[in-house]
Amino acid sequence: MAKSKIRVRYAPSPTGHLHIGNARTALFNYLYARHNKGKFIIRIEDTDTKRNIDDGERSQLDNLKWLGLDWDEGPDVGGDFGPYRQSERKDIYVDYINQLLEKGLAYKSYRTEDELEADREAQKARKEMPHYVYEYAGMDDKQIAKVQADAEDNGLEPVVRFRVPEGATYAWTDLVKGDVSFESKTIGGDFVIQKRDGMPTYNFAVVIDDHLMEISHVFRGDDHVANTPKQLMIYEAFGWDAPQFGHMSLIINSETGKKLSKRDESVLQFIEQYRELGYLPEAMLNFIILLGWSPVGEDEIFTRQEFIKMYDEKRLSKSPAAFDGKKLEWVNNQYMKNADEDAVFDLALPQLIEAGLLEKHADPMKMEWTRKLVSLFKREISYAAEILPFAKPFFHGPADINDEARVELVEDDALTVLKEFRARIADVDYLNTVKVLKTIKSIQKDTKIKGRKLWMPIRIAITHEMHGPELPESIELIGYEQSIKNLDEMINELS
């Protein structure tokens with residue numbers, strides 16, 4: 001197939017917010033399209049009206065844009081193959097369903113849910129796999145018409161079922177899994193293609209849409225493999241060529257080894273949750289692409305354009321992809337270290353305001369001080385919300401000194417260092433990084449005390465912590481008055 005004809009789609013249901021797995025599906029389709037100079041289409045599959053949520057479509061589109069994706073056609077940008085919402089395509093589906101009814105390839109079914117449930121229970125009792133039993137077995141056309149007319153007289157609404165061919169094999173060469181085949185008898189019997197409310201089912205609508213929108217390749221999750229033979233039956237019924245399918249490996253929880261389930265609350269699974277924590281979109285995109293796809297070589301950090309250039313669907317993994325939250329933090333930290341300071345500050349600011357540490361409309365001096373604070377910890381944090389435990393001592397004053405830190409303060413030279421530092425900053429008007437560093441260096445020169453014995457007492461006395469960012473920068477942010485106060489308290493205590 002010519003590259004100019006490559007058309008792929010991401011077709012989410014607005015039944016929830018953008019999930020990690022859905023985002024991966026969108027990304028792999030997007031990369032395939034962009035790498036091959038093809039078209040990337042968004043289509044909203046919203047026929048399950050009972051499960052749709054109000055902002056489901058917004059969440060999908062907004063978060064895809066946040067990740068850096070763009071598309072050539074979709075509900076928000078239009079295109080030549082619309083409408084791009086299934087709810088707006090009902091008349092199209094009805095026309096094709098009527099064609100199958102007229103050909104005898106589909107039929108109206110009036111079995112009630114109670115009757116179907118009774119059949120399933122009886123099958124279980126006989127240790128059979130649950131399957132639909134053709135309700136008109138042994139009847140001629142006149143008898144079938146009579147049964148259907150009686151059902152309608154009783155007010156029953158039908159579904160439309162597709163007649164599954166007997167003794168047929170449905171096979172395809174999967175772009176990820178290789179050769180796959182299903183026998184028609186394993187499908188579970190004639191399946192519904194139109195629900196009682198007149199809306200099509202997924203397995204029918206997706207075929208009509210993919211054909212009419214000239215979709216050439218379908219990359220989707222491994223959980224759709226069982227749907228593929230049903231869809232191939234629909235393609236065959238209309239005499240259409242099917243697209244090429246690629247079913248991507250499942251995503252598993254790296255800690256449990258189980259399939260990543262939306263009910264697994266031990267893992268944050270929705271893109272919006274990571275946005276709210278202050279993750280960078282470039283890092284999220286990088287991490288998600290590596291869930292089930294591997295580049296050549298050992299490098300793991302790439303830009304979106306680099307991924308597009310080197311993308312190769314042959315490197316999609318057949319093995320499950322392990323979702324590792326710690327690995328995601330590491331990836332995001334790599335991006336945080338190299339990110340523009342303004343970008344990191346913009347991510348951290350809502351976190352500080354939400355935590356009540358900073359007023360929403362703080363004065364310029366306070367905002368500049370906060371900017372320096374965020375910059376100080378930029379390399380330490382994996383995502384913006386992690387700024388809070390680092391920032392709180394600077395806003396509220398340091399926490400109590402723990403026992404491990406107090407051991408450092410009983411060293412022979414600790415009190416000497418603190419008194420020297422206190423004396424040498426007594427007459428300055430303010431403390432900045434340069435003055436602090438020069439003062440500490442002068443103490444080293446005059447007292448010959450150096451290294452840990454020089455720096456650690458000052459750090460503990462002023463910040464109450466043994467570890468942290470560069471000490472001169474920390475003291476500048478704590479400020480002159482608070483630094484003097486903390487020093488005096490510690491000197492008095494040690495004296």
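This report walks through some helices, strands and loops of the structure shown above. The model is a predicted one, so a good way to get to know it is to go element by element.

## A well-covered helix

Let us start with α2, which spans residues 56-66. Of its 11 residues, 8 are buried, so α2 is largely enclosed by the rest of the structure. The buried ones are G56, E57, S59, Q60, L61, N63, L64 and W66. What lies over them? The cover for these buried residues includes the strands β1 (7-10) and β2 (39-42), along with the helices α1 (20-35), α8 (271-277) and α9 (281-289). After α2 comes G68, with a positive phi near 105°.

## Two helices that cross

Next, have a look at α3 (90-103) and α6 (202-212). Two packed helices are described by the angle between their axes and the distance between the axes. Here the axes come within 10 Å and cross at roughly 105°. An angle from 65 to 115 degrees counts as roughly perpendicular, and that makes α3 roughly perpendicular to α6. On the α3 side, the contact is made by I92, Y93, Y96, I97 and L100, while α6 brings F204, A205, I208, D209 and L212. What kinds of residues meet here? The contact of α3 with α6 has 9 nonpolar residues, no polar ones and 1 charged residue.

## Strands and their partners

Strands of a sheet pair through backbone hydrogen bonds, either parallel or antiparallel. Both kinds of pairing can be found in this model.

For the antiparallel kind, turn to an open sheet of 3 strands, arranged in the order β3-β4-β7. Strands β3 (106-109) and β7 (191-194) are at the edges with a single partner strand each, so one side of each is left without a neighbour in the sheet. On average, neighbouring strands of this sheet are turned by 45° against each other, direction ignored. Strand β4, made of residues 159-162, pairs with β7 over 3 bridges in the antiparallel sense. To find this pairing on screen, look for F162, whose bridge partner in β7 is F191.

For the parallel kind, go to β8 and β9, which are joined by 5 bridges. In this pair, R220 stands opposite H247 of β9. Strand β9 (residues 244-248) is mostly covered, with 4 of its 5 residues buried.

## Loop residues with positive phi

Two loop residues other than glycine have a positive phi. The table sets them side by side.

| Residue | Phi | Loop between | Relative accessibility |
|---|---|---|---|
| K127 | near 60° | α4 (113-125) and α5 (141-153) | 78%, exposed |
| E214 | near 55° | α6 (202-212) and β8 (217-221) | 45%, partly exposed |

Exposed here asks for a relative accessible area over 50%. K127, at 78%, is therefore exposed, whereas E214, at 45%, counts as partly exposed.

## A cis bond and an annotated stretch

Where does a cis peptide bond occur? One joins G82 and P83, with omega about 0°. P83 is part of the loop between α2 and α3, two helices already introduced above.

Finally, an unreviewed UniProt entry lists residues 12-22 as a short sequence motif, the 'HIGH' region. In the model, this stretch is 27% helix and 0% strand. The C-alpha atoms at its ends are 7 Å apart.

Terms used: Residues are numbered from 1 along each chain as its sequence is written. This is a predicted model: local features need pLDDT of at least 70, side-chain atom pairs count only at pLDDT 80 or more; totals for chains, interfaces and linings use all residues. Side-chain values use heavy atoms; hydrogens and water are left out. Two strands pair if DSSP finds at least two bridges between them. Axes are lines fitted to C-alpha atoms, for helices over the stretch in contact, and angles run from 0 to 180 degrees between N-to-C directions. UniProt positions are given in the numbering used here, feature names are shortened, and annotations may be inferred rather than shown by experiment. Buried means under 20% relative accessible area, exposed over 50%, partly exposed in between (1.4 Å probe, protein chains only). Angles under 35 degrees count as roughly parallel, over 145 as roughly antiparallel, 65 to 115 as roughly perpendicular and the rest as oblique. Contact means heavy atoms within 4.5 Å. Ala, Val, Leu, Ile, Met, Phe, Trp, Tyr, Cys and Pro count as nonpolar, Asp, Glu, Lys and Arg as charged, and the others, Gly among them, as polar.
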